[in-house]
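Biologist: I would like to take a close look at a single part of this model, namely the salt bridges. Could you walk me through them carefully, and then set them in the context of the rest of the chain?

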Amino acid sequence: MIREVAVIQAIEADHLEVSTDLKTGCGGCAQQSTCGAGIISKAFSDRRATFRVARPEGSFAVGETVELLMPEQALTQASLLIYGIPLLALLGMAVIAQSIFGWTEGVSIVAALIAFASSFVALKRWYQMRDLQVTQLLEVRQLH
């Protein structure tokens with residue numbers, strides 16, 4: 001399970017609105033002052049995400065700290081889709097444009113980039129159409 005600590009911002013009948021810090025880079029490395037990721041993470045260190053999660057049984061209070069749990073398998077599957085499909089679209093269109101259509105190299109590159117960008121749009125719409133939100137995969141646990 002992947003664990004993250006969040007703070008309850010609002011309470012509704014069937015949902016909790018929680019917020020958590022967004023981590024943009026590593027924080028435990030000794031090279032943080034010279035590493036690009038460490039420098040970027042310092043520049044964006046005050047970002048927070050706020051979203052709704054299903055309210056479990058129990059009593060909650062605004063400002064209470066809760067733990068959010070998500071199965072690792074769900075994150076792995078989403079990562080494979082989000083990273084794999086655009087790469088397959090890019091490479092697939094390049095191969096199809098060159099070998100099947102016989103387009104010139106410049107046109108093939110442009111077509112591959114269009115397929116790459118289109119795959120992101122298609123994935124976003126597919127996730128919205130399925131109404132699969134990360135919040136549906138989260139389990140809320142009270143910290144005592």
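Modeller: In this predicted model, the count of salt bridges comes to three. As general background, side chains of opposite charge can pair when their charged atoms come close.

Let us begin with Arg-3 and Glu-67, whose side chains meet in a salt bridge with a distance of 3.8 Å from N to O. This pair links distant parts of the chain, since Arg-3 lies in strand 1 and Glu-67 in strand 4, 64 residues apart. The two partners can be described by how much of each is accessible: Arg-3 has a relative accessible area of 47% and is therefore partly exposed, whereas Glu-67 has a relative accessible area of 14%, so it counts as buried, the cut-off for buried being under 20%.

Glu-67 also takes part in a salt bridge with Arg-141, where the closest N and O atoms are 3.8 Å apart. Here, too, distant parts of the chain are linked, with Arg-141 in strand 5 (residues 139–142) and Glu-67 in strand 4, 74 residues apart. Arg-141 is partly exposed, because its relative accessible area is 39%. Salt bridges that share partners thus join Arg-3, Glu-67 and Arg-141 into one network.

Another salt bridge is formed by Glu-12 and Arg-52, and the closest N and O atoms of this pair are 2.9 Å apart. Glu-12 sits in the loop between strand 1 and strand 2, while Arg-52 belongs to strand 3 (residues 48–54), so that the pair, 40 residues apart, links distant parts of the chain. Both partners are partly exposed, Glu-12 with a relative accessible area of 30% and Arg-52 at 39% relative accessibility.

To place these pairs in the wider picture, it helps to follow the chain as a whole, which has four helices and five strands and reads along the sequence as β-β-α-β-β-α-α-α-β. Among contacts between residues at least 6 apart in sequence, 74% join residues at least 24 apart.

Some of the strands that carry the charged partners also supply the largest nonpolar core, which has eleven residues: Ala-6, Ile-8, Leu-16, Val-18, Val-53, Phe-60, Val-66, Leu-68, Met-70, Leu-138 and Val-140. The elements that give two or more residues to this core are strand 1 (2–11), strand 2 (15–21) and strand 4 (65–70), and strand 4 contributes the largest share, three residues. If we look at Ile-8 and leave aside its neighbours within four places in sequence, the residues in contact with Ile-8 include Leu-16, Val-18, Phe-60 and Val-66.

The surface has a nonpolar feature of its own, a patch formed by Ile-96, Ile-100, Phe-101, Trp-103 and Val-107, with about 480 Å² of accessible area together. Ile-100, which is found in helix 2, is exposed, because its relative accessible area is 62%, and the cut-off for exposed is over 50%.

Finally, a word on confidence: the chain averages a pLDDT of 83, and 77% of the residues score at least 70. Among the elements, helix 2 (residues 72–100) has the highest mean pLDDT, 92, and helix 1 (residues 36–43) the lowest, 59. Where pLDDT is low, the predicted coordinates should not be read in detail.

Conventions:
Residues numbered from 1 in each chain as written. Predicted model: local features only at pLDDT ≥ 70, side-chain atom pairs only at ≥ 80, totals over all residues. Heavy atoms only, no water. pLDDT = per-residue confidence, 0-100. Patch = residues over 30% accessible without salt bridge, like charges linked within 9 Å, V, L, I, M, F, W, Y side chains within 5 Å. Areas by Shrake-Rupley, 256 points an atom, 1.4 Å probe, with all protein chains shown as cover. Salt bridge = Lys/Arg side-chain N within 4 Å of Asp/Glu carboxyl O. Buried < 20%, exposed > 50% of the residue type's maximum accessible area, 1.4 Å probe, protein only. Core = buried A, V, L, I, M, F, W, Y, C linked by side-chain atoms within 4.5 Å. Contact = heavy atoms within 4.5 Å.
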